[in-house]
Amino acid sequence: MATRDSGGQSQSGKARRDEEIEDVTTEANPEVAERQQEITEDVDDLLDEIDSVLEENAEEFVRGYVQKGGQ
Amino acid sequence: MTVRRIMGTEVEYGISVPGQAGANPMVTSSQVVNAYGARPELTRGGRARWDYEEESPLRDARGFTYSGAAYDPAEALADEDLGLANVILTNGARLYVDHAHPEYSTPEVTNPMDLVRWDKAGERVMAEASRRAATIPGTHPIHLYKHNTDNKGASYGAHENYSMRRQTPFADIVAYLTPFFVTRQVFTGAGRVGIGQDGSQPGYQLTQRADFFEVEVGLETTLKRPIINTRDEPHSDADKYRRLHVIIGDANLSEISTFLKVGTTSLVLTMIEEKVLTPDLGIADPVAELKAVSHDTTLTHRMRLRDGRRLTALDLQWAYFERAKAFCDDRYGTDTDADTVQVLERWEAILDKLGRDPMSAQDELDWVAKLRLLEGYRDRENLQWASPKLQLIDLQYSDVRPEKGLYHRLVARGAMQTLLTDEETRTAMVEPPEDTRAYFRGRCLAQYPSEVVAASWDSVIFDVGRESLVRVPMMEPERGTKKHVGALFDRCPSAKDLLEAITGG
């Protein structure tokens, strides 16, 4: 069981079409990097917002959530 | 026909009344459904019943009728007798109580984008249903969640349905669809905190459902769940069509996850029907690999194939993609329809992203978006996977309320891409798709509410004052479209006029 993102390159992406991957990387990288940066800066702000809408008393709330099975 | 075919989804929603542990879910589910049924357009002239005449959930696609005791054939009828709520909507959908959950079945649509639209409309129907239920004096607020497990051992379904040619051998479907289902999790997963049916092992996995599947093929849907479900209940001409009932998927909030889920599946089904797939993608132990793939968020796990090769889920998805692309290029070339082109483009793009860095799909896929939130909290507050707060985030991601659901908060911030406008989803709550028999059903309910006494997927039953009721069968899902009957409705002010027009008096 792996629970953390490796942040790494799966072989699957590379294994497929090496030459095309190179092209796409060169062209798309600046834009992607910029977007990733924006996303990272956004995280704290995001978590603050999530905190403001999360149900109170997580432990009790989660424990009380019991379903009957379905299809 | 490529990605285009008759299809639909049926989603059971999780339901709870916080602070009221003793609340009976059948009662609260009925309250929710009935509250929605009180909408003005659904109350004029009394509510139409569901017509069960053609239903046969025990018929097996392998050619026999099941006679075991695991499923009570009278169950659906008994539910009706108990007064469990059931509303047929003017958009052609069915909103009802299935055992202990409210369920929304989309109307029949012909393409993946329409499926997303009417599936998302279902979330809004549920959100409004719970809002309306809360206005009834003495009622506690009822929460609804679009997900598949309570993390305590119970799972409930988000089923997909695809119309297929009857002549396609079921063995081909099993052989070629199983590896696809084991591996499509990389983009269809809704994400789940916890491993195992009761979620008690700490960790995070791609899907809500994987740990609940125990066999490769079977008729069951609630125990010994199979990767390929054999229910054979076409709701249409059984000599021409089968309805493939897919029970392995997660309920997705992400429009892109849903689009990819049904679009790629439909395309693979077309390749199965056209006999262009070959048996070299068979997985040695699909049930075990289903779980192994779901438990690996790095997407690097190598499955063992029947021929001994070891490939990742992404490798197998690339193989399906390459074959689909080659099939469409070869068969249709530049005439490939726009829906299919869009599915191919998105499929390729997401596999490419997932292969480079799965987290780069955080504004597209449910499991990645959810993991990003969870990792944010793990870093900031040093939380372990067993933390109740992380479990709450998992649960609340799927809350249907726009102000509370974390998926909805992500969309509102621009942190999650969408495919549909607000207007498109909102209008789909009341308007049917125009290119299937759902148009006929929806328009009948909207235009002749007091004369429609019952309806089902393949019939509408009228009371127009004759000695007996009049049942209009709709065994062809692609008939009854706007193009076909729109003008007829326009010139028939009453159901009596309509029946006279279609039966020649």
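These are my notes on the contact between chains A and B, the confidence in chain A, and one annotated site in chain B.

**Entry 1: the contact**

I began with the model, which is a predicted one. I looked up who takes part in the contact. Chain B puts in 56 residues and chain A puts in 33 residues. I then went through the elements of chain B. Those that each supply at least two residues to the side touching chain A include strand S2 (14-16) and strand S10 (201-205). Helices are on that list too, among them H9 (313-331), H10 (338-356) and H11 (366-381). H12(B) gives the most, with six residues. I also checked the character of this side of chain B: 22 residues are nonpolar, 19 polar and 15 charged.

**Entry 2: confidence in chain A**

I looked up the pLDDT of chain A next. The average is 68, and 45% of the residues score at least 70. By element, helix H3 (residues 58-64) of chain A has the highest mean, 95, and helix H1 (residues 11-16) of chain A the lowest, 44. Residues 1-15 of chain A stay under 50, yet the model has 37 contacts for them beyond four places in sequence. Residues 17-26 of chain A are also below 50, with two contacts beyond near neighbours in sequence. I note the caution: where pLDDT is low, the predicted coordinates should not be read in detail.

**Entry 3: the annotated site**

I turned to B:Asp98, where UniProt, in an unreviewed entry, places the feature "active site". This residue lies in strand S5 (residues 94-98) of chain B. Is B:Asp98 buried or exposed? I count B:Asp98 as buried, because 22 C-beta neighbours lie inside 10 Å and the cut-off is 20 or more.

How values were computed
Residues are numbered from 1 along each chain as its sequence is written. Chains are lettered from A and ligands numbered from 1 in the order in which they are written. This is a predicted model: local features need pLDDT of at least 70, side-chain atom pairs count only at pLDDT 80 or more; totals for chains, interfaces and linings use all residues. Two residues are in contact if their C-beta atoms, placed from the backbone, lie within 7 Å. Helices (H or I, at least four residues) and strands (E, at least two) are DSSP runs, numbered from the N terminus. Ala, Val, Leu, Ile, Met, Phe, Trp, Tyr, Cys and Pro count as nonpolar, Asp, Glu, Lys and Arg as charged, and the others, Gly among them, as polar. pLDDT is the predictor's confidence in each residue, from 0 to 100. UniProt positions are given in the numbering used here, feature names are shortened, and annotations may be inferred rather than shown by experiment. A residue is buried if 20 or more other C-beta atoms lie within 10 Å of its own, exposed if 12 or fewer, and partly exposed in between; C-beta atoms are placed from the backbone.
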